[in-house]
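Me: I would like a close look at one aromatic residue in the model below and at what surrounds it. Please take it as a single connected account.

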Amino acid sequence: QFTVGNITLSSGANRFTVKGQDAAGNEVSEERVIVWEPERVLRLSDARDVQEGQRVVFPLTLTTPGDVSGLTFRLNYDATYLSDPKVELSALVGQSVNSINLGEPGVINGAFALGGSELPVGLVPVATVSFRARSVPMVLSTEVSVEIDSMSSADGSALPIGNATMSGWGRIKPRRIKGDNNANQRV
């Protein structure tokens, strides 16, 4: 028997191979598949394709069993291709004590606390996050990654396990007409 700690599982199937060798050099290996389905998933959905100069829009949602009352999260983006971040909280989260910090280029920090109540069971909209697509030399895909700093229940208890995140991708296409600064296909 043995134990291996500090392994991070991805949502879905995770493949592991265990190899053993004795003093005589005999070897054996065994593959195992561990399927992990997280209880809570903070997901930034992919954006639709846009032309440089337009806004790239990502929906931020949380799948929950109904036990989340507070959340602190971070979104990381490439400021080379995305600028002018805006965050519009959903109706459920907008009524909470909340904070959105856009002060550091490339990072959005957000938090909300519902104060004794919890989000409903299922897929819950948290916010809509948008950016201005900057100029690109060719069609380009850019990732906005998601991190959970902390999550808590209505009684203030931390929910540190059973959480996963899913990053979103946006695709930016160059302008067809140079000088089309507002991306309306006219000069």
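Reply: Tyr-77 has a relative accessibility of 10%, under the 20% cut-off, and therefore counts as buried. The model is a predicted one. Tyr-77 forms an aromatic pair with Phe-131, with 4.6 Å from centre to centre and 50 degrees between the planes, a tilted arrangement. Tyr-77 is in the loop between strand 6 and strand 7 (82-89), whereas Phe-131 belongs to strand 10, so this pair ties together parts that are 54 residues apart in sequence.

The count of aromatic pairs comes to two. The other one joins Phe-58 and Phe-131: the ring centres are 6.0 Å apart and the planes stand at 80 degrees, which is over 60, so this pair is edge-to-face. Because Phe-58 sits in strand 5 and Phe-131 in strand 10, the pair ties together parts 73 residues apart in sequence. Through these ring pairs, Phe-58, Tyr-77 and Phe-131 are linked into a cluster. Phe-58 is buried, at 0% relative accessibility. Phe-131 is likewise buried, at 0%.

Phe-131 also leads into the nonpolar core. The largest such core has 32 residues, and those touching the most other members are Leu-42, Leu-119, Val-126, Phe-131 and Val-144. Two or more residues come from each of strand 3 (40-44), strand 5 (55-64), strand 6 (70-76), strand 9 (107-113), strand 10 (122-133) and strand 11 (140-152). Strand 10 contributes the most, six residues. In soluble globular proteins, nonpolar side chains tend to be buried together.

Val-126 shows what one of these well-connected members touches. Beyond its neighbours within four places in sequence, Val-126 is in contact with Leu-42, Leu-60, Thr-61, Leu-62, Leu-89, Ser-90, Val-93 and Phe-112. Leu-42, one of these contacts, is itself among the core residues that touch the most other members.

Next to Phe-131 in sequence is a polar residue, Ser-130, which lies in strand 10. Ser-130 is buried at 11% relative accessibility. Its side chain makes a polar contact of 3.1 Å with the side chain of Arg-55. Leaving out residues up to four places away in sequence, Ser-130 touches Arg-55, Val-56, Val-57, Asp-84, Pro-85 and Lys-86.

Asp-84, one of the residues that Ser-130 touches, lies in strand 7. With 36% relative accessibility, Asp-84 counts as partly exposed. Its phi is near 50 degrees, a positive value in a residue other than glycine. Most residues other than glycine have a negative phi. Asn-6 is another non-glycine residue with a positive phi, about 55 degrees. Asn-6 is placed in the segment before strand 1 (12-21), and at 84% relative accessibility it counts as exposed.

The loop that holds Tyr-77 follows strand 6, and strand 6 has a place in a sheet. Six strands make up this open sheet, in the order 4-13-11-6-9-8, and the pairing is mixed. Its edge strands are strand 4 (50-51) and strand 8 (97-101), each of which pairs on one side only. Strand 4 runs parallel to strand 13 (residues 168-173), and two bridges join them. Gln-51 has Lys-173 of strand 13 as its bridge partner.

Methods:
Residues are numbered from 1 along each chain as its sequence is written. This is a predicted model: local features need pLDDT of at least 70, side-chain atom pairs count only at pLDDT 80 or more; totals for chains, interfaces and linings use all residues. Side-chain values use heavy atoms; hydrogens and water are left out. A nonpolar core is a set of buried Ala, Val, Leu, Ile, Met, Phe, Trp, Tyr and Cys residues joined through side-chain atoms within 4.5 Å. Buried means under 20% relative accessible area, exposed over 50%, partly exposed in between (1.4 Å probe, protein chains only). Helices (H or I, at least four residues) and strands (E, at least two) are DSSP runs, numbered from the N terminus. Contact means heavy atoms within 4.5 Å. Two strands pair if DSSP finds at least two bridges between them. Rings of Phe, Tyr and Trp (its six-membered ring) pair if their centres lie within 6.5 Å; planes under 30 degrees apart count as stacked, over 60 as edge-to-face and the rest as tilted. A polar contact is a pair of N or O atoms within 3.5 Å; within protein, one must be able to donate a hydrogen and the other to accept it, and residues adjacent in sequence count only if both atoms are side-chain atoms.
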